[in-house]
Amino acid sequence: MTATRALPLPVPLRLPRPLPLRRAAVLAVALLAALAGTSAPHADAGPAAGGRADARTTSAWLPYWDTEAGYASALAHADQLHTVSPFWYTASAADAIAGEAGAGDERIIDGLHGKGIRVVPTVVETPGPAAMAELMDDPAERATHVDALMEVVTSRSYDGLDLDYERMAETGDARLTERVREGYDRLTEELCARLHALRKTCVVTVMPRLDGEGLAFDYAHLGKVADRVRIMGYNLHNALADPGPLSSLDWYDRFIGYAVGVVPREKLEVALPAYGWNWTVGSKARAGHVTSREAEALRERVGAAYTYDTVSGTPHFGYTDAAGAAHEVWYQDARGSKAHLAVLARHGVRGSGLWALGFEDPGVWTALSACF
């Protein structure tokens with residue numbers, strides 16, 4: 001199992017370098033904090049300013065390939081969202097971070113801020129585990145990478161950064177995994193300190209740590225240095241696996257049970273899926289990606305019966321296409337989300353997330369408000 005998401009091909013755009021004055025301000029604030037011997041106060045990771053403390057319990061990603069639908073959903077549910085993370089940036093080397101199409105759109109940033117929502121863009125990485133281990137092991141390369149990440153966060157009126165590094169975790173080599181974990185500990189400690197010096201939020205997105213998975217992520221360390229630890233609660237069955245649920249209630253119970261033992265509950269977020277996979281039965285080909293809305297529309301179009309698996313807490317259906325191939329579709333909807341949110345509540349975790357805005361069954365917002 002891997003939580004790596006299926007994404008459309010990126011349209012890379014070189015990130016504009018910030019003005020020298022802005023960079024100088026970053027360094028000046030960090031230096032003053034260091035001379036004072038303490039970290040500067042940073043952005044509160046809780047509900048956005050202007051929102052009720054008990055209402056804004058959710059963060060969500062904004063996909064760059066369907067920005068307008070996601071943006072409309074964020075504005076419509078602003079009273080439940082404390083943070084939106086536009087999926088805008090990709091790191092390909094220590095000093096190279098590119099923006100996807102529309103990255104840094106100030107209309108989006110200002111519109112979200114106008115609704116009291118923090119904007120914390122996501123950065124993903126393309127180098128594999130060996131390359132990332134080398135980068136993070138080398139103090140000079142690591143410092144260069146932290147500088148590049150800080151250029152992103154100061155290039156616009158962002159409230160922080162979400163580091164979503166998944167490729168580095170994709171190895172079965174125990175020693176390489178250990179090197180990645182140790183290097184990522186150093187990287188996140190240095191990045192979060194720099195962000196906090198500017199009163200900005202440090203968010204890390206991680207895979208569930210369970211059954212030998214997610215070992216590249218040192219939950220205990222991340223829970224100390226970061227403001228938010230987002231766990232991707234999906235892809236229990238991925239696009240290259242046999243058909244099955246994207247998540248299950250037992251799986252949630254076990255990985256959340258581990259997480260609350262090492263990360264403060266108030267820093268934890270568990271992200272729910274708002275998508276599914278459409279498998280061709282008997283084929284080794286990659287399953288097709290469907291949003292939750294697309295899955296339900298497909299079910300209605302082919303006339304398939306709605307089936308809810310009470311064991312996993314997810315809906316699914318089957319159908320035969322025009323070519324005679326059998327398909328099996330597993331996805332998530334409001335009913336399943338409500339069942340999974342109850343597991344969060346049982347463990348005392350109020351922070352939830354959503355992959356991704358514009359994908360979701362509209363009823364999921366009612367489920368989110370009812371559970372917390």
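**Salt bridges, a helix and two sheet regions in a predicted model**

Arg299 is buried, with a relative accessible area of 13% (buried means under 20% relative accessible area, exposed over 50%, and partly exposed in between, using a 1.4 Å probe and protein chains only). Its salt-bridge partner is Glu296, with the closest N and O atoms 2.5 Å apart; a salt bridge here is a side-chain nitrogen of Lys or Arg within 4 Å of a carboxyl oxygen of Asp or Glu. Glu296 comes out as partly exposed, at 22% relative accessibility. The two residues sit three apart in helix α9, which means about one helical turn separates them. The model is a predicted one, so local features need pLDDT of at least 70 and side-chain atom pairs count only at pLDDT 80 or more, while totals for chains, interfaces and linings use all residues. Residues are numbered from 1 along each chain as its sequence is written, and side-chain values use heavy atoms, with hydrogens and water left out.

On to the chain as a whole. It holds 11 helices and 17 strands, these being DSSP runs numbered from the N terminus (H or I of at least four residues for helices, E of at least two for strands). Of its 372 residues, 55% count as buried. Take the contacts (heavy atoms within 4.5 Å) between residues at least 6 apart in sequence: 75% of them join residues at least 24 apart.

Helix α9 covers residues 292-302 and lies across β12, β13, β15 (314-320) and β16 (326-331), running at about 100 degrees to β13. Axes for such angles are lines fitted to C-alpha atoms, for helices over the stretch in contact, and the angles run from 0 to 180 degrees between N-to-C directions. Those strands belong to an open sheet of five, ordered β13-β12-β16-β15-β14 with antiparallel pairing. The edges are taken by β13 (288-291) and β14 (307-309); each has a single partner strand, so one side of each has no neighbour in the sheet. From one strand to the next, the twist averages 30 degrees. Strand β12 (residues 275-280) and β13 run antiparallel and are joined by four bridges, where two strands pair if DSSP finds at least two bridges between them. Tyr275, for one, has Thr291 in β13 as its bridge partner.

Back to the salt bridges, which number 18 by the rule above. Asp211 and Arg254 meet through their side chains in one of them, at 3.1 Å from N to O. Asp211 is in the loop between β9 (201-206) and α7 (219-225) and Arg254 is in helix α8 (residues 249-262), so the pair ties together parts 43 residues apart in sequence. Asp211 is exposed, at 58% relative accessible area, and Arg254 is partly exposed at 34%. Another salt bridge links Arg228 and Glu269, whose closest N and O atoms are 3.0 Å apart. Here Arg228 comes from strand β10 (residues 228-232) and Glu269 from strand β11 (residues 268-273), so parts 41 residues apart in sequence are tied together. Both ends are buried: Arg228 has 9% relative accessibility, and Glu269 has a relative accessible area of 1%. Glu134, Asp137, Arg179 and Arg186 form a network of salt bridges.

The burial of Arg228 fits into a wider picture for β10. Five of the five residues of this strand are buried, so β10 is largely enclosed by the rest of the structure. Arg228, Arg230 and Met232 point one way, with Val229 and Ile231 pointing the other. In a regular strand the side chains alternate between the two faces of the sheet. Four bridges join β10 to β9, and the two run parallel; among the residues involved, Val204 has Val229 in β10 as its bridge partner.

Last up is helix α5 (residues 139-154), home to Asp147. Its 16 residues at 1.5 Å a residue should span 22 Å, and the end C-alpha atoms are indeed 22 Å apart; the expected span is 1.5 Å times one less than the number of residues. Asp138 caps the N-terminal end of α5, with a side-chain oxygen 2.8 Å from the backbone nitrogen of Ala140. Buried residues of α5 include Arg142, His145, Val146 and Ala148, whereas Asp147 is partly exposed at 22% relative accessibility. The side chain of Asp147 makes a polar contact of 3.1 Å with that of Arg194. A polar contact is a pair of N or O atoms within 3.5 Å; within protein, one must be able to donate a hydrogen and the other to accept it, and residues adjacent in sequence count only if both atoms are side-chain atoms. Asp147 and Ala94 are 53 residues apart along the chain, with 9.0 Å between their C-alpha atoms.
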